[in-house]
Amino acid sequence: MGKPAVALREQVAQQRVEPGERLERLIAGLERRYGERITGRLVLPAQEGRYAPLPSALHAGLRNALAQRGIERLYAHQAEAWELVRSGNNLVIATPTASGKTLCYNLPVLDRVLSDQSKALYLFPTKALAQDQVAELSEINRAAELGLKAFTFDGDTPGDARKAVRTRGDIVVSNPDMLHKAILPHHTKWAQFFEALAFVVVDELHSYRGVFGSHVANLFRRLERICRFYGVTPRFIFASATIANPGELAQRLIGEPVQTLTVSGAPRGERSLFLWNPPVVNPDLGIRASARSQTTRIARAATKLGLKNIVFARSRLMVEVITKYLKDIFDRDPRRPPRVLAYRGGYLPSERRRSERDLRAGRVDTVVSTSALELGVDIGTLDVVVLNGYPGTVAATWQRIGRAGRRRRPALGVLVATSDPLDQYIVRHPEFFLGASPEHARIHPDQLLILLDHVRCSAFELPFNDGDSFGGEDLREMLVYLQEEGILQHQGGRWYWVGDSYPANAVSLRSVAEGNFVVIDTTDGGQKVLAEVDYTSAPGTLYEGAIYMVQSQPFQVERLDWVGRKAFVRRTRADYYTDAIDYTRLKILSRFETRPSRPGISGQGAVSCGEVHLVRRYPGYKKIRYYSHDNVGYGNIDLPDQEMHTTAVWWQVEPHALEAALPQRQQVMEGFLGAAYTLHHVAALQAMTEIRDLGRAVGDGEGTWSAVLGPDGRGRMRGSDNAMTNPDAAVRFVPTLFLYDNYPGGVGLSAPLFDDAPRLVADAWDLVKDCPCIGGCPACIGPILAGDDKRGATPKELTLRVLELVGEA
């Protein structure tokens with residue numbers, strides 16, 4: 001009997017065993033074979049449900065629809081939500097994943113729509129979530145023929161259908177981007193809808209943080225002005241995964257009091273969590289097996305036992321690499337439907353919708369995804385969640401783990417640590433993670449660049465009056481500035497839009513710049529659109545020579561039209577993938593504040609915060625072979641520099657003190673690079689933000705040179721012309737360690753780091769000092785620097801010395 005037939009028989013046999021028993025087998029097998037890799041265990045026991053009767057005032061048709069779907073009672077928190085909304089409160093429901101939050105807002109909204117023809121606007125951060133919601137509303141509608149009209153309104157809505165949505169929709173399901181660009185600027189076409197608007201429902205509240213959340217807060221300020229114009233005051237209902245401050249976040253988004261509901265009455269199956277640290281493969285250098293290999297091993301074991309599982313990876317590239325490794329095992333026969341799927345941003349909408357249908361229908365055993373599936377898209381019943389690396393926050397970790405175990409089934413979550421310091425801290429101190437509360441979601445809606453963008457958009461929508469307010473800054477000063485720019489006119493106490501532009505088109509709620517890149521497949525001589533890549537990701541993804549993967553199938557970028565935003569690719573059989581190399585050079589523009597690193601002590605250096613100009617360059621890329629992960633070559637990248645102004649915190653050491661402590665400039669650069677790596681990760685943990693929201697760099701503060709890690713693992717100095725230079729030849733040598741907000745204009749991360757700089761440096765020093773490695777490793781100071789023993793001081797010692805110097809500042 002052939003191998004495929006044997007595998008099929010094993011698969012069928014596994015399906016005859018109950019999922020709970022199969023999961024027990026998986027857990028027992030992992031503990032028996034890999035117990036030493038499991039550094040922390042947590043078992044959340046099953047929870048019985050708490051129930052309440054359906055409200056007596058519920059509309060009869062809606063009561064009938066619920067009965068048709070087998071719902072004859074509510075969870076306790078759903079009944080409480082009904083009462084709070086009926087009492088006229090704004091509300092945020094922040095209960096765990098799969099606790100029935102959807103009915104918390106659907107029940108009062110549908111009751112009001114059916115009772116007095118009110119209207120509601122539902123906002124979801126993604127199109128997939130919006131389509132899920134319309135499907136849910138359609139099922140309720142069909143169950144009792146309620147006559148509800150619920151429509152999606154997004155970029156895929158045909159032009160001839162948009163008028164029907166505006167005039168006939170009882171519930172319009174959209175996203176913030178469409179509210180920003182297509183609804184508020186054309187509010188006169190939506191007059192009939194706005195005049196009856198009673199509710200605004202905002203799902204996935206926890207995703208509205210950072211830059212995106214700051215934009216959305218201003219978007220709601222604009223919405224409030226429009227509603228006031230039409231004489232309505234809609235109530236807001238928010239739904240959120242567990243975060244530390246759901247009520248505070250909701251209130252900052254809308255500027256009004258919000259009631260908070262956090263205790264769930266829903267039942268829950270038993271849930272187990274493992275913290276998994278890959279084994280050390282080189283004790284001298286402290287190098288561990290890759291998280292990728294361990295993740296693949298766990299997902300393979302789950303799939304072989306017939307358990308539905310999802311793997312979360314932190315980058316699109318890693319999604320494709322892990323997908324390839326799993327497909328090489330489970331999808332070798334092209335005649336059979338695929339058991340493994342990749343799901344990430346950049347795929348065409350039609351392909352993502354098809355994947356979602358296959359997931360819901362249970363036709364896929366393993367899905368590998370970025371955070372795109374962290375949100376509440378219905379992907380059916382899952383048994384196992386594997387996280388390839390710490391997502392960056394406690395809240396995001398629990399949100400992803402919560403994707404499994406729905407419908408009272410037991411579930412297993414495994415967090416596999418990478419070599420990043422943050423990951424290693426989590427798995428070496430399991431008590432920190434297991435006892436930690438979720439983070440605060442922070443927004444900075446009065447960040448000047450963001451605020452000014454939305455004042456411009458709001459002035460286009462409705463004239464401002466003298467004395468109006470918009471946010472916490474001086475509105476009149478901004479209006480005068482826009483008048484001087486020639487786009488506003490002041491007349492009769494009002495400020496009128498006179499510009500020719502359409503301002504919303506120039507403002508992106510999510511990204512740094514406008515204009516996605518289209519990936520075009522030219523393999524067969526034609527031109528078929530394959531995927532989309534956002535502007536900020538394009539330089540590191542679509543350079544000529546890059547391997548771009550879709551469902552683990554490699555395509556090579558043959559030509560990139562930067563101006564036209566098009567990348568032309570051809571299918572290839574390359575046995576390697578590519579990874580772009582980038583480096584960042586910063587120039588200090590202004591210092592907001594400077595002080596000794598240790599307050600009250602005049603020491604050897606200083607810590608400052610202020611505004612910087614950033615230049616990011618992609619000089620080349622590496623070719624990395626599958627499985628062995630050997631570096632098999634390099635290529636050059638010729639693309640424009642990416643530039644932005646942002647805010648930063650930075651450390652400098654007095655030159656004479658630095659030279660006395662570390663006389664060799666080569667040692668100084670490598671010590672600063674190690675300190676920057678450590679401080680970056682510790683800062684992300686302290687600021688309770690994701691690592692990508694902060695950037696790090698080492699340079700001279702004048703933009704004339706930057707320190708980078710060379711291919712040989714040694715520190716290298718690059719000049720402003722991108723050429724390697726000798727650090728001993730530099731006339732001015734004042735190394736500066738930067739941590740910066742990775743968004744134009746900054747989003748308020750740097751200032752708290754400046755305020756808490758002494759503790760930040762002390763924690764970084766502790767992390768490096770306590771690491772069990774000998775000379776420095778990826779878990780403390782970053783990639784190993786070659787030639788440690790020959791130089792008399794290890795990179796770890798150099799890093800500690802630099803941290804001591806900046807800590808004495």
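A residue counts as buried when its relative accessible area is under 20%. That cut-off will help with several of the close-ups below, which show a predicted model.

**Figure 1. Two buried tyrosines meet edge-to-face.** Welcome to the first view, centred on Tyr105 and Tyr122. Their rings form an edge-to-face aromatic pair, with 5.6 Å from centre to centre and 90° between the planes. Tyr105 belongs to helix H5 (residues 101-116) and Tyr122 to strand E5 (residues 119-123), so the pair ties together parts that are 17 residues apart in sequence. Tyr105 has a relative accessible area of 0%, so it is buried. Tyr122 is buried as well, and its relative accessible area is 0%.

**Figure 2. Phe517 and Trp562 form a tilted pair.** Here the ring centres lie 5.1 Å apart and the planes make 50°, so the pair is described as tilted. Where do Phe517 and Trp562 lie? Phe517 is in strand E22 (residues 517-521), while Trp562 is in the loop between strand E25 (553-561) and strand E26 (566-571). The pair therefore ties together parts that are 45 residues apart in sequence. Both Phe517 and Trp562 are buried.

**Figure 3. Aromatic company, and charges over rings.** The structure holds 24 aromatic pairs. One aromatic cluster is made up of Phe153, Trp190, Phe193, Phe194, Phe229 and Tyr230. Rings also meet charged side chains in this model. Arg73 lies over the face of Tyr51, 3.5 Å from the ring centre. Over the ring of Phe464 sits the charged end of Arg225, at 3.9 Å from the centre.

**Figure 4. Seven strands make an open, mixed sheet.** Following the sheet across, you meet its strands in the order E1-E11-E18-E17-E14-E16-E15. Which strands stand at the edges? They are strand E1 (38-44) and strand E15 (340-343); each has a single partner strand, so one side of each is left without a neighbour in the sheet. From one strand to the next, the twist averages 15°.

**Figure 5. Strands E14 and E16 run parallel inside the sheet order.** Strands of a sheet pair through backbone hydrogen bonds, either parallel or antiparallel. In this close-up, strand E14 (residues 309-313) and strand E16 (residues 366-369) are parallel and joined by four bridges. To pick out one residue pair, look for Asn309, whose bridge partner in E16 is Thr366.

**Figure 6. Helices H2 and H15 pack on the sheet.** Helix H2 (residues 19-34) touches E1, strand E11 (271-276), strand E17 (384-388) and strand E18 (411-416). The direction of H2 makes about 25° with that of E11. Helix H15 (residues 394-401) also packs on the sheet, touching E1, E11, E14, E17 and E18. The direction of H15 makes about 145° with that of E17.

**Figure 7. Asn631 and its surroundings.** Asn631 is found in strand E29 (residues 631-636). Is Asn631 buried, exposed or partly exposed? With a relative accessible area of 39%, Asn631 is partly exposed. The side chain of Asn631 reaches the backbone nitrogen of Gly633 at 3.3 Å, and a polar contact of 3.1 Å links it to the side chain of Tyr634. Beyond neighbours within four places in sequence, Asn631 is in contact with Lys622 and Lys623. The C-alpha atoms of Asn631 and Thr578 are separated by 9.5 Å, and these residues are 53 residues apart along the chain.

Note on methods
Residues are numbered from 1 along each chain as its sequence is written. This is a predicted model: local features need pLDDT of at least 70, side-chain atom pairs count only at pLDDT 80 or more; totals for chains, interfaces and linings use all residues. Side-chain values use heavy atoms; hydrogens and water are left out. Two strands pair if DSSP finds at least two bridges between them. Helices (H or I, at least four residues) and strands (E, at least two) are DSSP runs, numbered from the N terminus. Axes are lines fitted to C-alpha atoms, for helices over the stretch in contact, and angles run from 0 to 180 degrees between N-to-C directions. Contact means heavy atoms within 4.5 Å. Rings of Phe, Tyr and Trp (its six-membered ring) pair if their centres lie within 6.5 Å; planes under 30 degrees apart count as stacked, over 60 as edge-to-face and the rest as tilted. Buried means under 20% relative accessible area, exposed over 50%, partly exposed in between (1.4 Å probe, protein chains only). A charge sits over a ring if NZ of Lys or CZ of Arg is within 6 Å of the ring centre and within 35 degrees of the ring normal. A polar contact is a pair of N or O atoms within 3.5 Å; within protein, one must be able to donate a hydrogen and the other to accept it, and residues adjacent in sequence count only if both atoms are side-chain atoms.
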